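Notebook open, viewer open. I'm jotting down what I look up as I go.

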Amino acid sequence: MFPPKSDKQSKAACELLASDICSTTVESLKKSILHHVMSFQGRDPERAGKSDIYKALAYTLRDIMTKKWIDTQKAYYEKEKKRVYYLSLEFLIGRSLSNAIINLGIHEQIKEAVEGLGYDLTILAEEEEDAALGNGGLGRLAACFMDSIATLKIPAYGYGIRYEYGLFYQQLIDGYQVESPDNWLRYGTPWEFDRKLPVFPVHFYGRLSTYQDADDHYRVQWVDTEDVMAIPCDILVPGYENDHVINMRLWTARASRELDLSYFGRGDYIGAVQSKVSSETISKVLYPADHILAGQELRLKQQYFFVAATFQDIMRRYKKKYKDFGKFSERIAVQLNDTHPAIAIPELMRLLLDEEGLNWEKAWDICVHTFAYTNHTLMPEALEKWSVEMMGRVLPRHLQIIYEINQRFLDLVKQQYPGDVHRLQSMSIIEEGGEKQIRMAHLAIIGSHSVNGVAELHTKLLKENIFPSYHEFYPGKFNSKTNGITPRRWLLLANPGLSDLISSHIGKAWVTDLDQLRGLESLVDDKKFCKRWKEVKLENKKRLAGLIGRICGVEVNPSSMFDVQVKRIHEYKRQLLNCLHVISLYHQIIHHPQRNLAPRTVIFAGKAAPSYWRAKLIIKLLTSVADVINNDPRVGERLRVVFMPNYNVSQAEVIMPAADLSEQISTAGTEASGTGNMKFSLNGALTIGTLDGANIEISEEVGAENIFIFGMTAEEAEYERLNISRSPQLICDENPVVEEVMASLREGAFSHGEREQFKPLVESLMSPHDPYLLLRDFESYLECQERVNAAFGDQEKWTRMAILNVARMGKFSTDRTIRQYAEEIWGVPVGKIS
């Protein structure tokens with residue numbers, strides 16, 4: 001036997017091992033890569049391919065991050081600091097390789113090491129699958145937040161679900177969206193640690209049993225439940241060049257037993273397997289279809305599954321240090337990223353009441369001081385509701401607790417507003433009516449000490465239109481935290497040409513202090529700098545043109561204006577409005593070929609929810625319009641239209657740096673914030689947009705003369721919905737350009753003469769009650785696009801505007817956003833953990 005080592009010896013051994021593993025010299029990196037090819041993958045380095053080297057490089061980087069993560073965790077435990085738990089059903093992290101290399105500050109060493117082994121780092125990066133852990137803006141924001149949290153050295157963890165399948169893989173077949181499984185984990189991923197411990201049981205269904213405890217207190221037991229095991233998986237997130245590494249803990253569902261042998265005893269072998277599969281479905285897919293009951297129930301189970309596992313983990317960590325719950329909310333801050341994790345509020349109450357034996361008043365005080373809630377939507381259908389019947393069946397104890405929270409809350413409302421029955425109905429967590437519903441946003445507001453919107457306009461509309469009674473009842477609870485983006489991924493990584501140009505003139509401090517970009521303002525008249533700026537943009541456009549050619553089979557002119565709208569396909573985001581303008585441009589080229597129109601390439605990308613048939617029909621229209629225009633010899637290179645399938649983070653990293661014009665054209669008062677608008681502006685694209693979401697604040701920062709604003713304000717849009725000052729038919733009667741566009745759709749110009757194909761879209765456009773007011777804004781949009789055309793014709797002016805956009809984007813860094821969360825909501829220090 002070996003003699004036991006002293007603590008000093010163990011520490012010395014660990015430091016020796018760590019120094020070897022974490023060395024970032026070129027030779028050490030090469031050795032580590034080759035070691036991982038052999039030991040982790042069982043491959044002969046001489047016969048290894050790109051995929052093998054990519055994985056070995058990823059394992060090498062993970063080793064380096066692991067040592068830093070261990071040191072970070074030790075610092076957390078040594079200092080009794082408050083910790084933040086960021087709960088999100090989505091983390092759209094994209095690819096990790098290049099981001100890790102940049103944040104670790106070892107790009108040149110890695111590049112040299114990889115080239116020394118005979119490989120190209122850019123090509124290796126293409127071997128990585130995008131991590132399909134999110135859908136759109138919500139998940140991408142969460143990923144940006146993790147980057148800033150790590151960079152600002154905030155003691156925090158992200159918690160979510162390790163989905164085996166992402167939203168879906170989007171194909172275009174005959175112009176229609178066709179969904180297939182997005183099995184991003186089919187070959188595994190080198191970035192995660194599958195943990196054997198801790199493993200937590202999560203309960204569903206069952207019944208409630210009541211009893212009196214030894215102190216004669218009423219207690220509830222949740223019994224006869226169906227259990228699923230939550231298995232943790234950690235993905236490391238490095239801060240930027242600061243040796244600080246945090247982790248996202250994502251949960252995988254496993255059956256409580258591999259196979260239920262009672263089924264075997266009855267000879268029901270298929271039933272044994274089905275029971276296991278049913279349990280593990282919880283973490284299989286992101287966003288099951290919720291237009292059917294089974295999908296709704298699965299989605300509720302997903303939300304509770306990750307919340308229940310997370311709070312068992314929080315309790316485990318807290319109890320290492322503390323014997324009672326007197327310091328719980330002083331040491332723990334939980335941020336709910338939208339309503340998806342709101343079931344955490346009754347879950348924490350259940351734990352404190354039923355497991356820990358606290359009384360209601362103490363448990364509720366802890367609960368409210370622990371939680372903060374971020375609202376991400378103004379769309380009523382996105383404010384989640386669950387049927388009382390389903391909640392009572394799946395989570396019976398939680399329904400009981402929700403009813404108690406609601407009753408106690410309504411008692412307070414009655415005291416303040418006696419006799420106001422309408423107010424009680426509107427503020428109740430329970431929505432009465434045909435089928436009783438639980439309003440999860442109401443639960444989140446009542447159970448949190450802070451409720452924030454994600455842009456100034458969004459927060460104003462939350463206070464005045466969506467939750468006015470709550471704003472009145474809880475003065476000071478609502479606040480604004482305008483979203484942001486991480487400049488590390490969205491400029492330093494995505495646009496190295498522009499990053500290098502900027503850093504060569506104002507230094508690299510902007511990477512962690514985006515306000516430093518203001519230094520670019522003095523360069524707008526520097527002809528040499530402006531010339532290089534345009535060259536960088538053209539290089540980025542050539543790169544995107546190559547990608548479009550490969551995946552769309554369409555040749556586009558890099559010198560044309562790249563007019564881009566890439567985002568989730570939804571009626572309120574108004575891709576259809578953009579399409580109407582494209583049709584108008586087509587008509588102008590055909591009927592007035594002498595007109596001085598800047599050549600354009602109009603680029604669309606985005607996914608429609610599988611059950612959202614109208615959004616899918618919009619995709620079909622976009623692809624049909626593209627087919628007609630791209631194959632009309634009269635048009636030539638003056639106009640090209642493309643729809644890039646299967647939009648994801650990696651595509652965005654190519655598209656954003658290449659864009660000239662960013663389409664942010666949602667109906668005013670419908671977009672909470674948007675972050676695509678920020679990514680485009682940070683990469684030098686000019687925005688055409690409505691006064692919606694963060695567009696307003698971008699306009700304030702960059703200056704009204706450096707952005708193209710059109711359309712109604714949120715107040716004007718609301719007035720128009722109620723009063724209909726000009727109907728769509730009247731607009732068509734008065735404006736021949738609009739009428740010609742609508743006539744081409746009605747008559748089947750883009751559907752081979754088939755008038756029925758796009759009839760639902762024509763009817764919605766012509767309806768006086770179109771909630772998204774497309775034709776009401778169309779004339780203003782056309783006029784604004786004329787201004788865009790004129791500005792693009794003056795390239796000196798356009799370049800000046802682009803530089804000023806980048807220079808004035810300092811406000812829109814997630815470093816600023818997270819600093820505000822930390823100081824104003826979480827109460828944690830920024831920039832140090834000692």
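**Entry 1: two helices crossing**

I started with the contact between H13 and H15. On the H13 side I find Trp360, Glu361 and Trp364, and these meet Ile401, Glu404, Ile405 and Arg408 of H15. Sorted by class, the contact of H13 with H15 holds 4 nonpolar and 3 charged residues, with no polar ones. Note to self before going further: this is a predicted model.

Next I looked up the geometry. H13 covers residues 360–370 and H15 covers residues 396–416; their axes come within 13 Å and cross at roughly 90°. I call H13 roughly perpendicular to H15, because an angle of 65 to 115 degrees counts as that.

**Entry 2: the buried side of H18**

Which residues of H18 are buried? In this helix (residues 456–466) I noted Leu457, His458, Thr459, Leu461 and Leu462. Then I checked what lies over them. The cover for the buried residues of H18 includes two strands, S16 (450–453) and S17 (478–480), and two helices, H19 (468–473) and H27 (695–702).

**Entry 3: the sheet**

I traced an open sheet of 6 strands, and its order reads S20-S19-S18-S21-S22-S23, with parallel pairing. At the edges sit S20 (639–644) and S23 (708–709), each pairing on one side only.

I then followed one pair inside the sheet. S18 (residues 561–566) runs parallel to S19 (residues 600–605), and 6 bridges join the two strands. For one register point I took aspartate 563, whose bridge partner in S19 is valine 602.

Two helices that pack on this sheet went into my notes. H25 (residues 649–658) touches S18, S19 and S20, and its direction makes about 140° with that of S18. H33 (residues 795–807) touches S21 (661–664), S22 (686–689) and S23, at about 90° to the direction of S22.

**Entry 4: salt bridges**

How many salt bridges are there? The count comes to 63. I picked out three of them.

The one I spent time on is arginine 249 with aspartate 234, at 2.8 Å from N to O. This pair links distant parts of the chain: arginine 249 belongs to S10 (residues 245–255) and aspartate 234 to S9 (residues 226–238), 15 residues apart. Are the two ends buried or exposed? Arginine 249 has 7% relative accessibility, so I put it down as buried. Aspartate 234 is at 0% and is buried as well.

My second pick is glutamate 431 with arginine 439, 3.5 Å from N to O. Glutamate 431 is partly exposed, at 22% relative accessible area, whereas arginine 439 is buried at 12%. The cut-off for buried is under 20%, which means glutamate 431 misses it.

My third is aspartate 632 with arginine 634, where the closest N and O atoms are 2.8 Å apart. Here aspartate 632 is buried, with 9% relative accessibility, and arginine 634 is exposed, with 54%.

I also checked for shared partners. Arg195, Asp234, Arg249, Asp313, Arg316 and Arg317 are joined into one network by salt bridges that share partners. My first pair, Asp234 and Arg249, is therefore part of that network.

**Entry 5: backbone oddities in the loops**

Where does the cis peptide bond at proline 198 fall? Proline 198 lies in the loop between S5 (192–194) and S6 (200–204). The bond in question runs from leucine 197 to proline 198, with omega near -5°.

I then looked up positive phi values outside glycine. Tyrosine 205 has phi near 60°, and its place is the loop between S6 and S7 (207–212). At 15% relative accessibility, tyrosine 205 counts as buried.

Aspartate 224 also has a positive phi, about 55°, without being a glycine. I find aspartate 224 in the loop between S8 (218–223) and S9. Its relative accessible area is 56%, so aspartate 224 goes down as exposed. That gives me a buried tyrosine 205 and an exposed aspartate 224 to put side by side on the page.

How values were computed. Residues are numbered from 1 along each chain as its sequence is written. This is a predicted model: local features need pLDDT of at least 70, side-chain atom pairs count only at pLDDT 80 or more; totals for chains, interfaces and linings use all residues. Side-chain values use heavy atoms; hydrogens and water are left out. Two strands pair if DSSP finds at least two bridges between them. Helices (H or I, at least four residues) and strands (E, at least two) are DSSP runs, numbered from the N terminus. Contact means heavy atoms within 4.5 Å. Axes are lines fitted to C-alpha atoms, for helices over the stretch in contact, and angles run from 0 to 180 degrees between N-to-C directions. A salt bridge is a side-chain nitrogen of Lys or Arg within 4 Å of a carboxyl oxygen of Asp or Glu. Buried means under 20% relative accessible area, exposed over 50%, partly exposed in between (1.4 Å probe, protein chains only). Angles under 35 degrees count as roughly parallel, over 145 as roughly antiparallel, 65 to 115 as roughly perpendicular and the rest as oblique. Ala, Val, Leu, Ile, Met, Phe, Trp, Tyr, Cys and Pro count as nonpolar, Asp, Glu, Lys and Arg as charged, and the others, Gly among them, as polar.
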